[in-house]
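Please take a look at the structure below. A short report on selected features comes after it.

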Amino acid sequence: MCRTGWISGEILKLGGEAMIPCLLRFLNITMNNNAIRGDWKKAIVVPTYKWGDRSVVGNYRPISLISVVCKQIKHVITRYLRQVWEMSGWFYEGRHGFTPGHSCEGQLVTVCQDNMDPLDEGVKTNAIIIDFSKAFYLVPHDRPLTKIVATGVDLRVVVWVQEFLLGRSQRVNVDGQLSEEVRVT
């Protein structure tokens, strides 16, 4: 029986399918109590080098490391939301991002083809391109939560997502040195 929310990735991996009842118990506890463990809301951010000058902060991608158990439960919640939204037809059929079997390259080919077809027929085409790369970090959390409620998902899932987003904190780890903990707003 699991008595704590802290389980290492190694234990989960070694336990395999035998760990499913334990993870299910954690999910049920968090869903039924409308609460997520405090340590599940703490992330260690590790900057991962992408390209270019190593002294430029923008050349690193932040990777947030969270509790392995919380990450697994987050995957279950995400899978549930995707199933509900796919069954209700809420997703745009041409959507590629975060869709199994689709890629950024596939999306790029589709957009290029959609723009080239009218040109081949001699029709002028205008395009507006908007960069949403940092949009998630700029949107107040209550807005997407309101939209999630409107899609008809189980309200316990909405509360879980809200609990997951509220009261978060993070620290940055660079060469084994941890920064002070800061709230994520």
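The report covers a pocket, a helix, aromatic rings, backbone angles and some distances along the fold.

## The model

This is a predicted model. Every value below was computed from it.

## The second largest pocket

How much space lies in the second largest pocket? The answer is about 170 Å³. Its lining is made up of I20, L23, L24, L27, Q72, I73, H75, V76 and R79. Of these residues, 6 are nonpolar, 2 are polar and 1 is charged.

Two helices each supply at least two residues of this lining: α2, residues 20-33, and α3, residues 68-87. Helix α3 gives the most, with 5 residues.

## Inside helix α3

L81 also lies in helix α3. Is L81 buried or exposed? L81 has 9% relative accessibility, so it counts as buried. The cut-off for buried is under 20%.

L81 can be paired with I148, which is 67 residues away along the chain. The C-alpha atoms of L81 and I148 are 8.8 Å apart.

## Helix α4 and the glycine after it

Helix α4 runs over residues 104-120 and has 17 residues. At 1.5 Å a residue it should span 24 Å. The C-alpha atoms at its ends are 24 Å apart, so the expected span and the model agree.

G122 comes just after α4. Its phi is positive, at about 80 degrees.

## Two aromatic pairs

How many aromatic pairs are there? The count comes to 2. One is Y49 with Y60: the ring centres lie 5.6 Å apart and the planes meet at 65 degrees, so this pair is edge-to-face. Over 60 degrees is the cut-off for that class. Y49 sits in strand β1, residues 42-49, and Y60 in strand β2, residues 60-65. The two are 11 residues apart, and the pair links distant parts of the chain. Y49 has 29% relative accessibility and counts as partly exposed. Y60 is partly exposed too, at 23% relative accessibility.

The other pair is W160 with F164: its ring centres are 5.4 Å apart and its planes are at 10 degrees, so this pair is stacked. Planes under 30 degrees apart count as stacked. Both residues belong to helix α7, residues 155-165. They are 4 residues apart, which means about one helical turn separates them. W160 is buried, at 3% relative accessibility. F164 is buried as well, at 12% relative accessibility.

## Charges over the rings

Each pair also has a ring with an arginine over it. The charged end of R54 sits over the ring of Y49, 3.7 Å from the ring centre. In the other pair, R168 lies over the face of F164, and the distance to the ring centre is 4.3 Å.

## A positive phi at D175

Most residues other than glycine have a negative phi. D175 is not a glycine, yet its phi is positive, at about 50 degrees.

Where is D175? D175 is in the loop between β3, residues 168-174, and β4, residues 177-178. At 77% relative accessibility, D175 counts as exposed, because the cut-off for exposed is over 50%.

## Other distances along the chain

P140 is in the loop between α5, residues 135-138, and α6, residues 142-150. Its relative accessible area is 35%, so P140 is partly exposed. T185 is 45 residues from P140 along the chain. The C-alpha atoms of P140 and T185 are separated by 8.2 Å.

S64 is found in strand β2, the strand that holds Y60. With a relative accessible area of 42%, S64 is partly exposed. What separates the C-alpha atoms of S64 and L12? The distance is 19 Å, and the two residues are 52 residues apart along the chain.

Note on methods. Residues numbered from 1 in each chain as written. Predicted model: local features only at pLDDT ≥ 70, side-chain atom pairs only at ≥ 80, totals over all residues. Heavy atoms only, no water. 1 Å grid on protein atoms, 1.4 Å probe; cavity = no way out; pocket = protein on both sides within 12 Å on 5 of 7 lines; lining within 4 Å. Points joined across faces, edges and corners; volume = space filled by probe spheres on them. Nonpolar A, V, L, I, M, F, W, Y, C, P; charged D, E, K, R; others polar. Expected span 1.5 Å × (residues − 1). Phe/Tyr/Trp six-rings, centres within 6.5 Å; stacked < 30°, edge-to-face > 60°. Buried < 20%, exposed > 50% of the residue type's maximum accessible area, 1.4 Å probe, protein only. Lys NZ or Arg CZ within 6 Å of the ring centre and 35° of its normal.
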